[in-house]
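I opened this notebook to record what I looked up, entry by entry. The topics are charged pairs, cysteines and one glutamine.

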Amino acid sequence: MSDATSSTFTPAPLDSSKRTWLIASSCAGAAGAVALATPFVSSFSPSEKAKAAGAPVEVDIAALKPGEKMTVEWRGKPVWILRRTPEMMASLKKTDSEVADPNSDRKAFPTPAYAKNEARSRAEHPEVLVVVGICTHLGCSPVDKFQTGAQPSLPDNWEGGFFCPCHGSTFDLAGRVFKNKPAPDNLEVPPYMYLADTKLLVGEDKKA
C-alpha cells in the first residue's frame, strides 16, 4: 500500500502563450487605471490653457503687510494686490479733485459695482486694492511710486501712486488716472471675491 503522505504535487507547466497573454492583460489593466485616474486628479487644478482663457486664480494674502504689493497672473495679465496703509487710504481724499474719473463712471473699462467707491475696493477689506497692472493708454506697465513728495516726472504734491514711464500717465493709490494724462481711463478692476479674510479669488465674483 502506498504512503499517501509521501506523495507530492507537481504543477503543470504554464503554456508560454498563456503567460504572454496574462502579462499583457495585467499591463493593459494598469494602464487603464492610470488613464482613468489622471483626468480626475488634474481636474483639481486648472490647466495652462484654462488659465489663459480666464480660469479664476486663488491668492493667499496672509503674508501681505500694509504698504506691500504682490503681483499674480490672470488671463495673461499682471494683477496687482496692494494692502494700503491708513496714510495711503487718507491720501485718496486729497486726490479726489485731481483725478479724471473719481467715481469710476467711464465705460471703456467698466468697474464692478462693489468697487465703484473712492477706494475702488470691496467693502470687506477696503484697504486692499486689486487692479490690472496695465496702463489704459497703450498697454505699458506702470511702476510703483509710493513715496510721497516731489520726484522726477511727478508733481511736488505727489501723494503716492503709480507712474507709467512710457508716456507719463499717473494714477493714485486707487488706480485712478490723473487729469490731462494720455491714459483715458482708470486702471481696470478685475472681478474678484474673498473666499476668506486672507484668501482672494481673482477672476470670479459670485458674491457681487
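**Entry 1: a buried arginine and its partner.** I began with Arg83, which is buried at a relative accessible area of 14%. The model is a predicted one, and I read every value below as computed from it. I then asked which residue forms a salt bridge with Arg83. The partner is Glu127, with the closest N and O atoms 3.4 Å apart. I noted where the two residues sit: Arg83 belongs to strand β3 (residues 77-83), while Glu127 is in the loop between α3 (86-95) and β4. The pair thus links distant parts of the chain, 44 residues apart. For the whole structure I recorded 10 salt bridges.

**Entry 2: the salt bridges of Arg176.** I next looked up Asp96 and found a salt bridge to Arg176, the closest N and O atoms being 2.7 Å apart. Asp96 lies in the loop between α3 and β4, and Arg176 in the loop between β7 and β8 (192-196), so this pair ties together parts that are 80 residues apart in sequence. I also found that Arg176 forms a salt bridge with Asp172, where the closest N and O atoms are 2.8 Å apart. I therefore entered Asp96, Asp172 and Arg176 as linked in a network of salt bridges, a pair being counted when a side-chain nitrogen of Lys or Arg is within 4 Å of a carboxyl oxygen of Asp or Glu.

I then asked whether each member of this network is buried, partly exposed or exposed. Arg176 counts as buried, at 0% relative accessibility. Asp172 is buried, with a relative accessible area of 0%. Asp96 is partly exposed, its relative accessible area being 24%.

**Entry 3: the disulfide.** How many disulfides does the structure hold? I found one. It is formed by Cys140 and Cys166, whose sulfur atoms are 2.1 Å apart. The link of these two cysteines is left-handed, with -110° about the S-S bond. Cys140 lies in the loop between β4 (128-132) and β5 (143-145), and Cys166 in the loop between β6 (161-163) and β7 (170-171), so the bond ties together parts that are 26 residues apart in sequence. On accessibility, I noted Cys140 as buried at 17% and Cys166 as partly exposed at 39%.

**Entry 4: two cysteines without a bond.** I went on to Cys135 and asked why it is not bonded to Cys164. The sulfur of Cys164 is the closest cysteine sulfur to that of Cys135, but at 3.9 Å it is too far for a bond; the cut-off for a disulfide is 2.5 Å. Cys164 is likewise in no disulfide, and its nearest cysteine sulfur is that of Cys135. I recorded Cys135 as buried, at 4% relative accessibility, and Cys164 as buried, at 2%.

**Entry 5: a glutamine in a loop.** My last look-up was Gln151, which I located in the loop between β5 and β6. Gln151 counts as buried, with 17% relative accessibility. I asked which backbone oxygen lies 3.2 Å from a polar atom of the side chain of Gln151. That oxygen belongs to Gly149. Leaving aside residues up to four places away in sequence, I noted that Gln151 touches Lys145 and Trp158.

How values were computed
Residues numbered from 1 in each chain as written. Predicted model: local features only at pLDDT ≥ 70, side-chain atom pairs only at ≥ 80, totals over all residues. Heavy atoms only, no water. Helix = DSSP H or I, 4+ residues; strand = E, 2+ residues; numbered from the N terminus. Buried < 20%, exposed > 50% of the residue type's maximum accessible area, 1.4 Å probe, protein only. Polar contact = N/O pair within 3.5 Å; in protein donor to acceptor, adjacent residues only side chain to side chain. Contact = heavy atoms within 4.5 Å.
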